[in-house]
Amino acid sequence: DQLLTSSQIESLVDFQVKYIRASFDMLTSKLVERLQDYFDETSKVTQITYICFFCILFLAYMFLWGRYIARLNEEIWRSKWMFSMIPIDVVKKVESVKEYLKKSGNGK
């Protein structure tokens, strides 16, 4: 088999330096660019997903909380009406009912 001469070796090294190294450097820089674009896009999609999730969660919370507060308010008024139906002489005798009615009447 044939050995390469020094001029052939120099020619191969020049070819490598001129073409292969330049191609490799260009491909490496393109890879870095594309990876950065991919990570930026992925980050944007993740942020949008989290924002939508938290908005839906917030709206569901507010809807459920509003219904809970309305129901609680209705129960409070029902209790007040029930206490207001107690005759005055019974209210005067039962100290805890009298104190409750005083507190609720003053808005405390």
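Here is a chat about a predicted model and the helix, contacts and surface found in it.

Student: Okay, I'm new to this one. What kind of model is it?
Tutor: It's a predicted model.

Student: Which residues does helix α1 cover, and what span should it have?
Tutor: Helix α1 covers residues 6–84, which makes 79 residues. At 1.5 Å a residue, it should span 117 Å.

Student: And how far apart are its end C-alpha atoms?
Tutor: They are 113 Å apart, which agrees with the expected span.

Student: Where does α1 bend, and by about how much?
Tutor: Look at Gln 16: α1 bends there by about 35°.

Student: Can you give me a feel for distances along the helix? Say, how far is Ser 23 from Arg 78?
Tutor: Sure. Ser 23 lies in helix α1, and its C-alpha atom is separated from that of Arg 78 by 82 Å. Along the chain, those two are 55 residues apart.

Student: What about Ile 56 and Arg 78?
Tutor: Ile 56 is in helix α1 too. Ile 56 and Arg 78 are 22 residues apart in sequence, and C-alpha to C-alpha they are 33 Å apart in space.

Student: Are Ser 23 and Ile 56 exposed or partly exposed?
Tutor: Ser 23 counts as partly exposed, at 38% relative accessibility. Ile 56 is exposed, with a relative accessible area of 60%.

Student: Switching topic: how many disulfides does the structure hold?
Tutor: Zero.

Student: Hm, why don't Cys 52 and Cys 55 bond?
Tutor: The sulfur of Cys 52 is 6.5 Å from the closest cysteine sulfur, in Cys 55, and that's too far for a bond. A disulfide here needs the two sulfur atoms within 2.5 Å. Cys 55 is in no disulfide either, since its nearest cysteine sulfur is that of Cys 52, 6.5 Å away.

Student: Remind me, what is a disulfide in general?
Tutor: It's a covalent bond between the sulfur atoms of two cysteines.

Student: And how accessible are those two cysteines?
Tutor: Cys 52 is partly exposed, with a relative accessible area of 42%. Cys 55 is partly exposed as well, at 45%.

Student: How many salt bridges are there?
Tutor: A search of the whole structure finds two. One joins Asp 37 and Arg 34, with the closest N and O atoms 3.5 Å apart. In the other, the side chains of Arg 78 and Glu 74 meet, at 2.9 Å from N to O.

Student: How far apart along the helix are the partners in each pair?
Tutor: Asp 37 and Arg 34 are three residues apart in helix α1, so about one helical turn separates them. Arg 78 and Glu 74 are four residues apart in α1, which again means about one helical turn.

Student: Why does that spacing matter for direction?
Tutor: An α-helix has 3.6 residues a turn, so residues three or four places apart point the same way.

Student: Are these charged residues buried or out in the open?
Tutor: Arg 34 is exposed, with a relative accessible area of 52%, while its partner Asp 37 counts as partly exposed at 43%. In the other pair, Arg 78 is partly exposed at 45%, and Glu 74 is partly exposed at 48%.

Student: What about greasy stuff? Which residues make the nonpolar surface patch?
Tutor: The patch is made by Phe 58, Leu 59, Tyr 61, Met 62, Trp 65, Tyr 68, Ile 69, Leu 72 and Ile 76. Its area is about 890 Å².

Student: Pick one of them. Where is Met 62?
Tutor: Met 62 lies in helix α1. Met 62 is partly exposed, with a relative accessible area of 39%.

Student: Last topic: how far is Phe 83 from Leu 101 in space?
Tutor: Phe 83 and Leu 101 are 7.6 Å apart, C-alpha to C-alpha, with their positions 18 residues apart in sequence. Phe 83 is found in helix α1 and counts as partly exposed at 27% relative accessibility.

Student: And Lys 80 with Ser 104?
Tutor: Their C-alpha atoms are separated by 8.1 Å, and they are 24 residues apart along the chain. Lys 80 lies in helix α1, and at 27% relative accessibility Lys 80 counts as partly exposed.

Methods:
Residues numbered from 1 in each chain as written. Predicted model: local features only at pLDDT ≥ 70, side-chain atom pairs only at ≥ 80, totals over all residues. Heavy atoms only, no water. Helix = DSSP H or I, 4+ residues; strand = E, 2+ residues; numbered from the N terminus. Expected span 1.5 Å × (residues − 1). Bend = angle between axes of the 7 residues up to and from the residue. Buried < 20%, exposed > 50% of the residue type's maximum accessible area, 1.4 Å probe, protein only. Salt bridge = Lys/Arg side-chain N within 4 Å of Asp/Glu carboxyl O. Patch = residues over 30% accessible without salt bridge, like charges linked within 9 Å, V, L, I, M, F, W, Y side chains within 5 Å. Areas by Shrake-Rupley, 256 points an atom, 1.4 Å probe, with all protein chains shown as cover.
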